[in-house]
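Visitor: I would like to go through this model with you. May we begin with how its helices pack?

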Amino acid sequence: MSRSIGQRHGSGVKSSRQSSVVVQAQMLTPPAWPMRVVPPEVTSRDTPKRFSLLGSTGSIGTQTLDIIAEFPEKFELVAMAAGSNVELMAKQIRQFKPKMVAIKDATKVDQLKDLIKDVAEKPEIVVGDEGTVEVARHQDAESVVTGIVGCAGLLPTVAAIKAKKDICLANKETCIAGGPFILPLAKEFGVKILPADSEHSAIFQCMQGLPEGGLRRIILTASGGAFRDWPIEKLKEVTVAQATSHPNWSMGKKITIDSASLMNKGLEVIEAHYLFGVDYDNIDVVVHPQSIIHSMVETADSSIIAQLGWPDMRLPIMYTMSFPERIAVTDKTWPRLDFTKANSLTFREPDRAKYPALDLAYAAGRMAGTMTGVLSAANEQSVQMFLDERISYLEIMKLNEACCEAHKKDLVNLPNLEEIVHYDDWARRWVKETVENGSFKKVMSLV
């Protein structure tokens, strides 16, 4: 790319005053876990931990419910929220008997009521964003699993924090867009933010028992996605079907494309910075095609600690739910890692020309403030444009970068929640309008 944001422009991008404001903003954002994890003394509960679930019909939601179903003596669902999949919601209501259910699409309420008309103990049904907030702060819930995608997850997460519910974090925007606002809020209310992403869960697990100052470096592993073995020249030919086929993981279309571009890893770098308080210079990415090592940490004395396992999102989700306990599982439903079957574990440095998303994410992270949320929102809209076959695969990152460039003049270093949501919406509209009015071809020539 011919132009880029942040430090890749050189030291002249920001004045000394602007730079000091960015440093101040980063210092005022307390990490969820400040380079160490000292868990409380572990005692086994004799009652199930009670949960609210945001996004019950999505991938995170259905896997969370699988865990609750397998361990009813450990976990209980008291409230859940979903979008419009009323058939699946009805099945979940029948099986888990929540006290409250929120449905995003108000036009589907009557259909949902009809599907559960013979259920003896019917849940209270609430609707829209307000209903999701009520689910998040339900009085009987101890923790909330945030499986809603995008900035739609911010308001209910804030409500849950203010209600002193611990957060099982599966919503990236909570940290990437909302970190400067939400992390100080979590500290104020004494709320734990526990990462459900496989990579951040791996880091969190590796940090257990580290003393103050014991963490030196974070090493995030990346599968390399669908095109890890493709020559860079071939990427201009990428189709939607090719980009949505992951070699290791079964995921939704958007995250699979992010894995192919390594944007998911760039966003995870930003999330790791906010979660663990590690400077961007001490967060590295390495391509590990087998996806057996989920991430690593380097300690102050140069030891490397890694968390390994088969690619399975249930483990990181369950650990957020059970922390600080470890739940005993069976080989039948949780296959053990067999190193003879895992065979070789290989690593390589990511090709920065092939994966420009990495440099873009690091630059956005160093600029901080609203820039990280703008990058995430722009990427979500750009990926959707690619899925709709409105732009090519290579134009995704060019649009993202152009949107970040356009936002530089309006960057807010210490945003409140309204500003975070505003610029998330602005970035989506900017990408959409730039493509729809045909001006993106001109924009592409500038980056």
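Guide: Helix 6 and helix 8 run roughly parallel to each other, a label for angles under 35 degrees. This is a predicted model, in which local features need pLDDT of at least 70, side-chain atom pairs count only at pLDDT 80 or more, and totals for chains, interfaces and linings use all residues. Residues are numbered from 1 along each chain as its sequence is written, and side-chain values use heavy atoms, without hydrogens and water.

Visitor: At what angle do the axes of helix 6 and helix 8 cross?

Guide: At roughly 20°, and the axes come within 9 Å; helix 6 spans residues 154-162 and helix 8 residues 179-189. Helices here are DSSP runs (H or I, at least four residues), strands likewise (E, at least two), numbered from the N terminus. Axes are lines fitted to C-alpha atoms, for helices over the stretch in contact, with angles from 0 to 180 degrees between N-to-C directions.

Visitor: Which residues in helix 6 and helix 8 meet?

Guide: Leu154, Val158, Ile161 and Lys162 of helix 6 meet Phe181, Ile182, Leu185, Ala186 and Phe189 of helix 8; contact means heavy atoms within 4.5 Å.

Visitor: Turning to Ser56, is this residue buried or exposed?

Guide: Ser56 is buried, at a relative accessible area of 0% (buried is under 20%, exposed over 50%, partly exposed in between, with a 1.4 Å probe and protein chains only).

Visitor: Where is the place of Ser56?

Guide: Ser56 lies in the loop between strand 1 (49-54) and helix 2 (59-70). Leaving aside residues up to four places away in sequence, Ser56 touches several residues, including Met80 and Gln92.

Key: Parallel < 35°, antiparallel > 145°, perpendicular 65-115°, else oblique.
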